[in-house]
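The following questions and answers examine a single protein model, moving from strand pairing to helix packing, cavities and charged pairs.

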Amino acid sequence: MNVTELVAETAQGARPNTKDEASHFVLTFENNRYASELFGQFDEHLKLLEDRLKVKAVPRGNSVALSGETVATYQARRALDFLYSQLLNGGHVEKSDVEGAIRMAVATDDQLSLPTLERKAKLSMSQISTRKKSIAARTPAQDAYIRALERNELVFGTGPAGTGKTYLAVAYAAQLLERGVVNKIILSRPAVEAGERLGFLPGDMKEKVDPYLRPLYDALYDMMPGDKVERAITAGVIEIAPLAFMRGRTLANAAVILDEAQNTTSMQMKMFLTRLGENSRMIITGDPSQIDLPRGVKSGLVEALGILKGVESISIIRFTDTDVVRHPLVARIVAAYDGESRSAGEASEASDA
């Protein structure tokens, strides 16, 4: 465990919610090797803390001195404590993990309403764990998504690329399979991408479907050993099929994922939703801003989000550009495109008037 020394420059018991207040922490981590990984190569993780939270982080051996505005230093402290506990539990800390811990620390702090002492609380994030890998939520939306997956039989995850909605869905399905909660994983996508259809592609059915389902494969191989994935696919424990093949089936004792659901028609979505069988979980992901359906065809995902809002045991989690966990530039690209879409919409409304 780590030993924390605190020297607060603010008055004892004062509530640190103004920018004028300042604090100084010295955090000491007992395991030197873990401290080194925590700080990052050439202290890059500490530099990231400094950049994002506008604090000063000065390493000294296996200790780090944090100074700056009180709110920000508490956020940095919670982030480092969480990441160190992740190392103690056999995990690793990469730049993306630091980014996630910072986001969650800031979000947690925004929700606090009690005095100063509550800011010492440990950072808590929902996690998905398999034998090969553990994943902690990196944004408040991801945290809500994982909690929704644990509580509900049907979960919708919508939003832009890079928010982790598909990756976390596959990871959660792998966790359910490993724990014996379900007997099967079924992965599906509608076979409509940028105007192409399966019949025009070369090869047998597997070769036709594979390019559409590559992101799902990638997530599976991340969460499970490769040989185990191959055996499970061969044995039918992991089934990968286009949406059209679901008609007439009842999907029982399974974790069922429909990805790119914005490209379903209304009839396809209703058909898929009514496949849910006993002891099954269904996860539907998609980005309503990336619809490839022919002009005039209504998206089944968009329709379902409206019809099923408020239905018991169904949860809808909406991700935004602030939840993008890929390269930071991706978030800025998504925000720029959203801004352009809004501008175009406003211009259209003005011309109609």
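**Strands, helices, cavities and salt bridges**

Q: How many bridges join strand 2 to strand 4, and in which direction do the strands run, parallel or antiparallel?
A: In this predicted model, strand 2 covers residues 22-29 and strand 4 covers residues 63-69. Within this pair, L27 stands opposite V64. The two strands run antiparallel, and the number of bridges joining them is 7.

Q: Which residue takes a positive phi in the hairpin of strand 3 and strand 4?
A: Strand 3 (residues 56-60) is joined to strand 4 by 5 bridges, and the two run antiparallel. One bridge pairs A57 with L66 of strand 4. The hairpin has 2 residues between the strands, and the residue with a positive phi, near 65 degrees, is G61.

Q: In what order do the strands of the open sheet with parallel pairing lie, and which are the edge strands?
A: The open sheet is formed by 6 strands with parallel pairing, in the order 9-8-10-11-7-12. Each edge strand pairs on one side only; these are strand 9 (238-242) and strand 12 (314-318). From one strand to the next, the twist averages 15 degrees. The order is thus 9-8-10-11-7-12, with the edges being strand 9 and strand 12.

Q: Which residue of strand 11 stands opposite F156?
A: Strand 7 (residues 154-158) and strand 11 (residues 281-286) run parallel and are joined by 5 bridges. In strand 11, the residue opposite F156 is I284.

Q: Which helix lies across strand 7, strand 11 and strand 12, and at what angle does it run to strand 7?
A: Helix 6 (residues 165-178) lies across strands 7, 8, 9, 10 and 11, running at about 165 degrees to strand 11. Strand 12 is among the strands crossed by another helix, residues 300-307, which also lies across strand 7 and strand 11. That element is helix 10, and its angle to strand 7 is about 125 degrees.

Q: Which elements give two or more residues to the lining of the largest cavity?
A: The structure holds 2 cavities of 30 Å³ or more, and the largest contains about 40 Å³ of space. Its lining has 6 nonpolar, 2 polar and 2 charged residues, including F82, L83, D97 and R138. The elements that give two or more residues to this lining are helix 3 (70-88) and helix 4 (95-111).

Q: Why are D81 and R77 separated by about one helical turn?
A: D81 and R77 form a salt bridge, with the closest N and O atoms 3.9 Å apart, inside the 4 Å cut-off. By this rule the structure has 13 salt bridges. The separation of about one helical turn arises because the two residues lie 4 residues apart in helix 3.

How values were computed. Residues are numbered from 1 along each chain as its sequence is written. This is a predicted model: local features need pLDDT of at least 70, side-chain atom pairs count only at pLDDT 80 or more; totals for chains, interfaces and linings use all residues. Side-chain values use heavy atoms; hydrogens and water are left out. On a 1 Å grid over the protein atoms alone, a cavity is a set of points where a 1.4 Å probe fits but cannot get out, and a pocket is an open set with protein on both sides within 12 Å along at least five of seven lines; lining residues have an atom within 4 Å of a point. Grid points are joined across faces, edges and corners, and a volume is the space filled by probe spheres set on the points. Ala, Val, Leu, Ile, Met, Phe, Trp, Tyr, Cys and Pro count as nonpolar, Asp, Glu, Lys and Arg as charged, and the others, Gly among them, as polar. Two strands pair if DSSP finds at least two bridges between them. Axes are lines fitted to C-alpha atoms, for helices over the stretch in contact, and angles run from 0 to 180 degrees between N-to-C directions. Contact means heavy atoms within 4.5 Å. A salt bridge is a side-chain nitrogen of Lys or Arg within 4 Å of a carboxyl oxygen of Asp or Glu.
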